[in-house]
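Trainee: Could you take me through the backbone of one chain here, looking closely at the loops with unusual geometry? I would also like to hear where that chain meets its partner.

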Amino acid sequence: MGINDTSTPYRVLIVDDDSDMIALLSTWLKGSGFSVITATSGDEALTRLGMSRPHCVLTDLYMEGMDGMTLLSRIHATNPLMPVIMLSGQAGIPEAMKAMHLGIAAFLTKPVEKETLLANVSRALRLSSDISEARPKFGAGIIYRSTAMAELLEKAELVADSDITVFISGQTGTGKEVLAKAIHEASPRRDKPFIGVNCGAIPEQLLESELFGHERGAFTGALTRHEGLLQAANGGTLFLDEIGDMPLGLQVKLLRVLQDFEVRPVGSTRSVPVNVRVISATHQDLAEAVKRGEFREDLYYRLNVVPLHMPSLAERREDIPALLDYFLDRVAQKRNAKKKRFSPEALEYLLSAPWPGNVRQLMNVVELCTTLTKTDIIPLSMAKSALREEPAGIQTLKVAKDAFERNYLIGVLRITNGHVANAARIAGRNRTEFYKLLAQHHLNAAEFRKGGAAGADEPEPGDDGVAEDAADEQRDA
Amino acid sequence: MVQVTVDRDLEDLIPGFLANRQRDIEKVEAMLARDDFDGVRITGHSMKGSGGGYGFPFITEIGAGLERAAIARDADSIRNAISELRHYLAQVEIVYR
């Protein structure tokens, strides 16, 4: 149980007009070290709240007089951070959604099992900001209230403090990289690099060099040695996103690294020892990819030691209000503006939307709504319009192209250690064009050089820069 | 005899719980006599919610049945449910673990 390992037990207020339920829940909670206060009505509960200051409230939904929903609203009007767990013999969707909108910590169906109840009370107390933690909370940057996410983070926290290989599955936009970072931050490797790479965003030739590094002269344009991300992440964590897109040829190389803890750069005859924790992720069904022969079975089992699954936003709808609130807050801070909020009708609409683009889509919708709404309250019409504009988090062609181009430029700059002439050569562009591309994407080649401007990017003999650009321009004319 | 295994933690609560179920039988019969189907529904709903937690899933089933029958204003089904509950309470034997 753990949560009550303190000298002062946490107090739970049980509210139910059924004396048998009060007796049962009290016995369970007291048996687990909680202190219990009881009330047989909403009015009595409000009185007890003022007198006894519980840490959590457990209330029945249907009671004579004030029902659980009204009690929840009254509690949160004065104490919005009080975790309230609702119990109901009828888990109707409208009631559950309304309760989510009002910010319940959990919605449990009667008859409830002891373990389920205790797990949810413990979780609610952990989430409550009334509890001070001696150490940073795992996944502190992850916004959630749902049981699905709480269970996922509990599992992730257990494996964080080891070197065990983790595989994260989940739809696009669910936050797989966020989870990977949280695992890294909670691991003994937290002071070492966390490096992420999207295996689907980089062309195969570049990906091999990007991951494994290359020797000088390994291929046309490889005028300097490049360390590669596996070596760059030494001691830390390498996050391989969209691992399902990794070509079969590279999968063999990666498997060897995971088995032998050595990496052999492209064009090298030597292997270099590496100590890297690999976390991989994909939206694909990798088991199916193995069956189709598109992914190696031995690599699949090597990566899939601890599988974690990020639920889709539709599977954790109770997190939507908190996520919307978080992004609304973030936008307001970024723009140094007053925080906007959604109208109740807009919020209900967003709560029941399909969200195929998940959290990323939700973030985009908030950005769109806050940009286009001039008032403080975002109306239903704007929410509907934003969801139509951002139907699945599908980017426009231009946005998708820009993202690919940026990733590509970053890739060639890394490989060439920020040497623009070499990077331009690999990209098949003259230097002037290449500089223009860098400027468009707000990229600075100097940031990719090791040891600063006096490092390995010193112009090669005969690399006249200006003359070369002129020659390129003449040729292209 | 119907044997039911219950958590030892709940040993002190069981006599009171079962006594309340006896009282529920009498309450429902009185409600039925005056066509108080809403009262029967509420009683069934409570029984449904608590039975399983105490270790009596059968009581949860009876409660759910009472609730459904009350919504349908089906007096015969309500009487059958009460009869089953009476029979069950008469022969249930508790084993604590």
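Mentor: What follows goes through three loops of one chain and then the interface. This is a predicted model, in which local features need pLDDT of at least 70 and side-chain atom pairs count only at pLDDT 80 or more, while totals for chains, interfaces and linings use all residues. Residues are numbered from 1 along each chain as its sequence is written, and chains are lettered from A and ligands numbered from 1 in the order in which they are written.

Take the loop between helix 2 (42–52) and strand 3 (56–60) of chain A, where Arg53(A) sits; helices (H or I, at least four residues) and strands (E, at least two) are DSSP runs, numbered from the N terminus. Arg53(A) is not a glycine, yet its phi is positive, about 45°. This residue is partly exposed, having 13 other C-beta atoms within 10 Å. The scale is as follows: 20 or more other C-beta atoms within 10 Å means buried, 12 or fewer exposed, and anything in between partly exposed, with C-beta atoms placed from the backbone.

Asn336(A), also not a glycine, has a positive phi of about 55°. Asn336(A) lies in the loop between helix 13 (320–335) and strand 13 (341–342) of chain A, and is exposed, with 6 other C-beta atoms within 10 Å.

The loop between strand 5 (106–109) and helix 5 (114–127) of chain A holds Pro111(A). The peptide bond joining Lys110(A) to Pro111(A) is cis, with omega about 0°.

As for the partner, 11 residues of chain A are in contact with 15 residues of chain B, contact being C-beta atoms, placed from the backbone, within 7 Å. The chain A side has 5 nonpolar, 3 polar and 3 charged residues; Ala, Val, Leu, Ile, Met, Phe, Trp, Tyr, Cys and Pro count as nonpolar, Asp, Glu, Lys and Arg as charged, and the others, Gly among them, as polar.

Technical notes. Two residues are in contact if their C-beta atoms, placed from the backbone, lie within 7 Å.
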